[in-house]
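Got the viewer open? Load the model, switch on side chains, and follow along stop by stop.

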Amino acid sequence: MNKEKPSFEQSIKRLDEIVKLLEKGDAPLSESLKLFEEGTALISNCNGLLNEAEQKVVKLRKGADGEPEELPFEE
């Protein structure tokens with residue numbers, strides 16, 4: 001089964017749900033560990049998506065002819 005990774009927004013929403021569940025503190029230890037593992041996987045997914053987005057960002061500047069010119073994104 002090829003499960004598609006969630007979008008950034010879906011990951012953030014689920015992370016928020018996980019944090020709320022863990023903050024309540026009434027989940028059994030085994031369930032808390034599962035939620036923690038799911039959360040770390042979601043964070044990893046978000047980091048990957050942010051890195052991809054960063055690579056797509058370009059800086060625009062005015063070229064010699066007055067037209068916009070794209071430059072690679074610099075950190």
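Here is a short tour, from the whole chain down to single residues.

**Before you start**

This is a predicted model, so local features are taken only at pLDDT of at least 70 and side-chain atom pairs only at pLDDT 80 or more, while totals for chains, interfaces and linings use all residues. Residues are numbered from 1 along each chain as its sequence is written, and side-chain values use heavy atoms, with hydrogens and water left out.

**Stop 1: the whole chain**

Show the cartoon. You should find 2 helices and 2 strands, in the order α-α-β-β along the sequence. Helices here are DSSP runs of H or I with at least four residues, strands are runs of E with at least two, and both are numbered from the N terminus.

Now colour by accessibility. Of the 75 residues, 13% count as buried; that word means under 20% relative accessible area, with exposed over 50% and partly exposed in between (1.4 Å probe, protein chains only). Switch to a surface: the chain exposes about 6600 Å², and carbon and sulfur atoms supply 55% of that. Areas come from the Shrake-Rupley method with a 1.4 Å probe, and for residues only the protein chains shown count as cover.

How about contacts, meaning heavy atoms within 4.5 Å? Among those between residues at least 6 apart in sequence, 44% join residues at least 24 apart.

**Stop 2: Arg-14 and its partners**

Select Arg-14, Glu-17 and Glu-38. How many salt bridges does the whole structure hold? The search finds 3, where a salt bridge is a side-chain nitrogen of Lys or Arg within 4 Å of a carboxyl oxygen of Asp or Glu. Side chains of opposite charge can pair when their charged atoms come close.

Start with Arg-14 and Glu-17, whose closest N and O atoms are 3.1 Å apart. The two residues are 3 apart in helix H1 (residues 8-24), so about one helical turn separates them. Arg-14 is partly exposed at 24% relative accessible area, and Glu-17 is partly exposed at 33%.

Next, swing over to Glu-38, which forms a salt bridge with Arg-14 at 2.8 Å, N to O. Arg-14 lies in helix H1 and Glu-38 in helix H2 (residues 29-56), so this pair ties together parts that are 24 residues apart in sequence. Glu-38 counts as partly exposed too, at 31% relative accessibility.

**Stop 3: Lys-20 and Asp-16**

Stay on helix H1 and pick Lys-20 and Asp-16. Their side chains meet in a salt bridge at 3.2 Å, N to O. Both residues lie in helix H1, 4 residues apart, about one turn of the helix. Asp-16 is partly exposed, with 39% relative accessibility. Back at the previous stop, salt bridges with shared partners join Arg-14, Glu-17 and Glu-38 into one network.

While Asp-16 is selected, add Gly-39: the pair is 23 residues apart along the chain, with 9.3 Å between C-alpha atoms.

**Stop 4: Pro-6 and Ser-11**

Move to Pro-6, in the segment before H1. Is Pro-6 buried or partly exposed? At 30% relative accessibility, Pro-6 counts as partly exposed. Leaving out residues up to four places away in sequence, Pro-6 touches Ser-11, Leu-42, Asn-45 and Leu-49. Try a distance label from Pro-6 to Asn-45: they are 39 residues apart in sequence and 8.0 Å apart in space, C-alpha to C-alpha.

Then click Ser-11, in helix H1. Ser-11 is buried, at 0% relative accessibility. Apart from neighbours within four places in sequence, Ser-11 contacts Pro-6, Leu-42, Asn-45 and Cys-46.

**Stop 5: the largest pocket**

Finally, select Lys-3, Glu-4, Lys-5, Pro-6, Glu-38, Ala-41, Leu-42 and Asn-45, the lining of the largest pocket. A pocket, on a 1 Å grid over the protein atoms alone, is an open set of points where a 1.4 Å probe fits, with protein on both sides within 12 Å along at least five of seven lines; lining residues have an atom within 4 Å of a point. The volume of the largest pocket is about 160 Å³, that being the space filled by probe spheres set on the points, which are joined across faces, edges and corners.

Colour that lining by class and you get 3 nonpolar, 1 polar and 4 charged residues. Ala, Val, Leu, Ile, Met, Phe, Trp, Tyr, Cys and Pro count as nonpolar, Asp, Glu, Lys and Arg as charged, and the others, Gly among them, as polar.

Notes. Contact means heavy atoms within 4.5 Å.
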